[in-house]
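Subject: Structure handover

Hello,

Please find below the structure I am passing on to you. My notes on what was found in it follow.

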Amino acid sequence: MPNNKVFTTFQGVIHPWLCDEMGHLNTRNYVGMFDDAMQHFMRCLGHNASEARQENLGWADVRHEIDYVAEVPVGALVHIDCQVEKLGTKSIRYRQTMYLSDTGEVAAENVATSVLFDMNARKAVPLPDAFR
């Protein structure tokens, strides 16, 4: 089991086109930012996406649980920190925390589970020892 190291894996600006009619980040865009952060997080943990693609492997998200804590207004700077919660044989559960960068306030938290997925066999496969 890896240590509880925290990785900052996303930084962004909340542009007007990411917002809803009330002027704050639309819920569908949280998921996109969390997904981008996850890709970088897996790289931090030793997953090489380019090599994995050559083996027809990728990450499949099987669960997301998002808590929206504070409004994220247009123009805000945000960043996302990620850390491992649990490693399974074929899965990883991780926590992602989105912060308002200027204040440090938590904007949202996502606890997600992803599996390493064989795109040919269409099923989850064991995490490699090097990743673990």
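Four salt bridges are counted in this protein, and the model they are counted in is a predicted one.

Salt bridges

One of the salt bridges pairs glutamate 65 with arginine 63, with 3.0 Å between the closest N and O atoms. Both partners are partly exposed: glutamate 65 has a relative accessibility of 42%, and arginine 63 has a relative accessible area of 49%.

Glutamate 85 takes part in two further pairings that I list here. With arginine 93 it forms a salt bridge whose closest N and O atoms are 3.2 Å apart. With arginine 95, glutamate 85 forms a salt bridge in which the closest N and O atoms lie 2.9 Å apart. Arginine 95 belongs to strand β4 (residues 91-100) and glutamate 85 to strand β3 (residues 77-87), so this pair ties together parts that are ten residues apart in sequence. Through shared partners, salt bridges join Glu85, Arg93, Arg95 and Glu109 into one network.

As for accessibility in this network, glutamate 85 counts as partly exposed because its relative accessibility is 29%. Arginine 93 is also partly exposed, at a relative accessible area of 34%. Arginine 95 falls into the partly exposed class too, at 26% relative accessibility.

Overall fold

The secondary structure consists of two helices and six strands. Along the sequence they come in the pattern β-α-α-β-β-β-β-β. The radius of gyration is 16 Å, close to the 14 Å that the globule rule gives for 132 residues, so the protein is as compact as a globular protein of that length. Taken along the principal axes, the C-alpha atoms fill a box of roughly 45 × 30 × 25 Å. Buried residues make up 43% of the 132 residues.

Methionine 38 is one residue to look up when you go through the helices. It lies in helix α1, which covers residues 27-44. Methionine 38 counts as buried because its relative accessibility is 2%, and the cut-off for buried is under 20%. Its C-alpha atom is separated by 9.7 Å from that of aspartate 81, although methionine 38 and aspartate 81 are 43 residues apart along the chain.

Cysteines

How many disulfides does the count come to? The count is zero. Cysteine 44, for instance, is in no disulfide: the nearest cysteine sulfur belongs to cysteine 82 and is 8.2 Å away, whereas a disulfide would need the two sulfur atoms within 2.5 Å. Cysteine 44 counts as partly exposed, with 39% relative accessibility. Cysteine 19, by contrast, counts as buried, at 16% relative accessibility.

Largest pocket

The largest pocket holds about 230 Å³ of space. Its lining is made up of Gly46, His47, Asn48, Glu51, Ala52, Glu55, Leu57, Leu116, Pro126, Pro128, Ala130 and Phe131. By type, the lining residues divide into seven nonpolar, three polar and two charged.

Backbone points

Most residues other than glycine have a negative phi. Two residues are listed here for a positive value.

Asparagine 56 has a phi near 60°, which is positive in a residue other than glycine. Asparagine 56 sits in the loop between α2 (49-54) and β2 (57-68). At 29% relative accessibility, asparagine 56 counts as partly exposed.

Arginine 122 is not a glycine either, and its phi is positive at about 60°. The loop that holds arginine 122 runs between β5 (106-118) and β6 (123-124). Is arginine 122 buried or exposed? Arginine 122 is exposed, because its relative accessible area is 56% and the cut-off for exposed is over 50%.

Where to start

If you want a short route through the model, begin with the network of Glu85, Arg93, Arg95 and Glu109. Then go to methionine 38 in helix α1, and from there to the lining of the largest pocket, including Gly46 and Phe131. The two loop residues with positive phi, asparagine 56 and arginine 122, can be left for the end.

Regards

Methods. Residues numbered from 1 in each chain as written. Predicted model: local features only at pLDDT ≥ 70, side-chain atom pairs only at ≥ 80, totals over all residues. Heavy atoms only, no water. 1 Å grid on protein atoms, 1.4 Å probe; cavity = no way out; pocket = protein on both sides within 12 Å on 5 of 7 lines; lining within 4 Å. Points joined across faces, edges and corners; volume = space filled by probe spheres on them. Nonpolar A, V, L, I, M, F, W, Y, C, P; charged D, E, K, R; others polar. Buried < 20%, exposed > 50% of the residue type's maximum accessible area, 1.4 Å probe, protein only. Salt bridge = Lys/Arg side-chain N within 4 Å of Asp/Glu carboxyl O. Helix = DSSP H or I, 4+ residues; strand = E, 2+ residues; numbered from the N terminus. Rg over C-alpha atoms; globule rule 2.2 N^0.38 Å.
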